[in-house]
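Notebook open, structure loaded. I'm jotting down what I look up as I go.

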Amino acid sequence: MLRRQVILIILILVFVLAACGGGDEEPATTPQAETTTSVSDTAVPTETAVPEPTATADPTANFIQTTSEMLGVTISHPAEWVAEIDENSGEMQFASNADIIDAGGDEQIDGALVVATAMEKEMFGIMGDDVDTEDPVALLELFANLLVGDGEDEEMIVLEAPKSTTIDGQDAAIAVYEITGEQQAGIGVFVAIIDGERVVLSFGAITNAVIAEYRPTVDAILNSIKLSEPVMVEAEPVVEPTAVPVAEATAVPEPVEPSVDMVGAPVFTLFDGLPEPALESGLSMYSNGNIVYDVAYYDGVVWAATDGGLVAWDAATGDLLRKWTTLDGLPHNVVHTIVTCALGGDKLALGTEGGLSLYDPNGGTFENFTQDNSGLHSDAGIVSLACVPNLQTLVIGYDLDGVEVYDYAADTGVHYEPFDHLESGFAEAVAVVGDLEEIWVAHIGAVSVIRADGSISYYDSDNSGLDDPNTDDFEHFVNDIVVDANGTVWFGQGGGLTRVDGDNAFTFFNGDDVTGWPFFTNVAGLAAAPDGTLYTNAGFGGICHFDPATVNCVDSFEDEPGMGEDFNTDIIVADNGNLYYASEEGVSAYDGSGWQLWAIDEKPEANSYRTIAQGADGSVWVGGFYGAQWFYAYDADGDWVNTDDHLSYVSVNTFYPTSDGMWVGHSNGASFYTYADGSWMDLERADEAGAGIYKGDVSALEYDNMGRLWFGTTAGVTVWDGSTFTYFDLLTDAERTEERSPRWVYDFQRDGDTMWVGTAGVLLRFDAGAEITEIGRYDDENSNLPWIPGVRSVVNDADGNILVAADSYLYQFNGSDDFDELYQADTYINAALLDADSGTLWLSLNGAGVLAYENGEWINLTTADGLPSNLISGNGVLVDYLGTLWVAAGEGGLMRFVP
């Protein structure tokens, strides 16, 4: 989901350019072959300069303020301008004329428009391996590179290269571009502001005719940005939630007799007499194989690429044959795509988050390919594949790393890289015409075609008839591409179905054109039948058997028993004539008489975890984006208890176990589960300090020695003594004067009467006695710590020393306000955990598995050792009371190791 969010944000800004007239009314007849434009090497034009703004009165004289609490952004703008905030994403738009927003880019209207959004810095990290996410200039350059491209009808030229500045006391960067064409369109002003772990992006677009009038106003708007703590807004539930109703945000929670002792820090003690069964040594995997992304058919078997491994179903009976994970040789449990292909014999080609894998269905073996052992040029995740059997070749679509044409027999690849060859790095779908005569690539909001002569053309809504000009925002997203039996290329889009009729010529179909179109026109998957017809699969249910000759649905299916309806994707017409499609509920199969839904009786609800903890009753709790589950360590193959009845629609970030129950920190505050009677107590988020957990997306929990509970959130610390809430923003007086946003808290560590607080940008130490006072603040200015993007973990080692995980470094506090570097990992450290029984120190790594330090040696465990993935997002390691190791991965599931 992460990569889709990045692309959505990019396309929002592309829309802004279009809305302000950034394109000719008539599209160019032929798109240009891809060329490279770089912010850093494009000369500033000398003949076409930006007109100097006309001297005017203070443009801010009649400014008013508008705030997006979801973004945590306040912007001042002229009172007469139209302001809109997207209720789902929080993005802000300000237009000098309401028609600019209403037009949606379908006509050229003179005026100005400003848009603002935000994203996590981590997203920039996955878009560019070497980008310095602490440098706003580097981030702005990368973002601009994603947008800059040459075409016959439009070009973006650097007028003012990205440069450092300061906005609202935060490090920022600004750049200005000229948008030119046959008819000069205007300018765009980019701004990027670093605020802790996020980047606020804003963009102003002005048409040429009114630059002099509006440039001072746009500059003033962009410089008026004020930052605050973003407020998470939960999506409206589809069904009536069964959770306990949430109190008013500003109300003090009802007095509840706490289930924990509020005098002194609680002592964690396991229940007496917990079962200690003799467990079979070895590795076990717990993953959900019903979240299906793609399907293939071979030799009477339906193969499913899932979020939890590779799954095989008997096509004749619907019986489950087997599931494969990293324990069986997969390079990664998340398998995005699958195709059958003749590559030195019949193989199943699997595109995983960990790269390419070939499975031999006859020999039962996996062969995994990396840059180190093959001719491939990338180790990025693979999201799409196409087979060219006559050439023993695979076309590989990478996640944000372009496309590669891999000759299996010769073990050589040709890599079409983002920005050097392709205008976008993400390859949602790939399809091949003939023997590599053409390769079509879906970039979500656009497509590229790579031709046999090496030329590359790029089509989007600005330079072609790719989408219906009457569709709403983003409905032209290209989700799938197929080549039918006649060699015609088709796109499945958010707004319907598109046929490629030739260079720059497309015909669009949706519910207005197609007789019998039975569902919302979101075509998530396409399949070409041998007779030249197509099957279209809607993302939320509904299939049309589309006949291009008559432009109607020969058959249609919707809401029938056996049809999966959650996030449907790929669909195929198998050699046996049956239909099969992928959904988040399993595989749906149609044999001509009816539908069947094939699903495994899995324990986990999902595969993406942020945290794991052990309860005093012997339970193991796992939590993440989809909530939380728990089961007993001594009976992991028994029942898993879902908490959906209480923790519905929340993301679980952290646990804190006590002898009586389990605290759960989540996106709406914190909840306490009592073992004795299974009851819940809720402390909900509040928008007023002192009224509850302030801005309470709770990311850390800890008791101090006085029995007060500390809640670390994305907006500082709230301390609860059982009746009163006290809030700390963790800022200095100077930072408050600058109106800086409160600090994001990652972790706590109690050390006697001292409380250590790991935050975004600084390590803090408090005296947590009768009065709470700050007694230490450590950063690169007053200690030997380097600049700290985030202190993600603070922990005591076996000798009682304070260890600090900051970025990719592990430090030890030496007791005299200084730190000794102990270790540097290859990627940043998400969490540190001490196994008190063995004295082993565990580090959860972002993309490199886990590290264990024992007997003076570091040991690295990865997917090669059976981990579900190498992304361990948070507190993902647990050694339970039976001495078994659990690793809860950020994707791919949960692994258990019994020594």
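Where is Asp411 found? I find Asp411 in the loop between strand 22 (403–407) and strand 23 (412–416). Strands here, like helices, are DSSP runs numbered from the N terminus (E, at least two residues, for strands; H or I, at least four, for helices).

**Ground rules**

I'm working on a predicted model, where local features need pLDDT of at least 70, side-chain atom pairs count only at pLDDT 80 or more, and totals for chains, interfaces and linings use all residues. Residues are numbered from 1 along each chain as its sequence is written, and side-chain values use heavy atoms, with hydrogens and water left out.

**Two aspartates with positive phi**

Back to Asp411: its phi is positive, about 55°, although Asp411 is not a glycine. I looked up its exposure too, and Asp411 is partly exposed at a relative accessible area of 32%. The scale I use calls a residue buried under 20% relative accessible area, exposed over 50%, and partly exposed in between (1.4 Å probe, protein chains only).

I also noted Asp807, a residue other than glycine with a positive phi near 60°. Asp807 is in the loop between strand 58 (802–806) and strand 59 (809–813). With 29% relative accessibility, Asp807 counts as partly exposed.

**The sheet around that second loop**

Strands 58 and 59 belong to an open sheet of four strands, in the order 57-58-59-60, with antiparallel pairing. For pairing, I need DSSP to find at least two bridges between two strands. Strand 57 (791–796) and strand 60 (819–824) are the edge strands, and each pairs on one side only. From one strand to the next the twist averages 25°; axes for such angles are lines fitted to C-alpha atoms (for helices over the stretch in contact), and angles run from 0 to 180 degrees between N-to-C directions. I count five bridges joining strand 57 to strand 58, which run antiparallel. Asn796 stands opposite Ile802 in strand 58.

**Another four-strand sheet**

I then pulled up the open sheet with the order 61-62-63-64, made of four strands with antiparallel pairing. Strand 61 (829–834) and strand 64 (857–861) have a single partner strand each, so one side of each is left without a neighbour in the sheet. Direction ignored, neighbouring strands of this sheet are turned by 20° against each other on average. Strand 61 pairs with strand 62 (residues 841–845) in the antiparallel sense over five bridges. Ala831 stands opposite Ser844 in strand 62.

**Strand 9**

How many residues of strand 9 are buried? Ten of the ten (residues 198–207) are buried, so strand 9 is largely enclosed by the rest of the structure. I checked the directions: Arg198, Val200, Ser202, Gly204 and Ile206 point one way, Val199, Leu201, Phe203, Ala205 and Thr207 the other way, and all are buried. As a reminder to myself, side chains in a regular strand alternate between the two faces of the sheet.

Strand 9 has strand 5 (residues 112–120) as an antiparallel partner over nine bridges, and Ala118 stands opposite Val200 there. Strand 8 (residues 186–195) also pairs with strand 9 in the antiparallel sense, over ten bridges, with Ser202 as the bridge partner of Val191. The hairpin of strand 8 and strand 9 has two residues between the strands, and Gly196 takes a positive phi near 65° in it.

**Val587**

Val587 lies in strand 38 (residues 586–590) and counts as buried at 1% relative accessibility. Which residues does Val587 touch, leaving aside its neighbours within four places in sequence? I get Val292, Val295, Val302, Ala304, Trp313, Tyr581, Gln596, Leu597 and Trp598, with contact meaning heavy atoms within 4.5 Å. Trp313 is 274 residues away from Val587 along the chain, yet their C-alpha atoms are separated by 9.0 Å.

**Whole chain**

I end with the totals. The protein chain has six helices and 67 strands. Of its 899 residues, 59% count as buried. Among contacts with a separation of 6 or more, 52% are between residues 24 or more positions apart. The chain exposes about 34,700 Å², and carbon and sulfur atoms supply 45% of that; accessible areas come from the Shrake-Rupley method with a 1.4 Å probe, and for residues only the protein chains shown count as cover.
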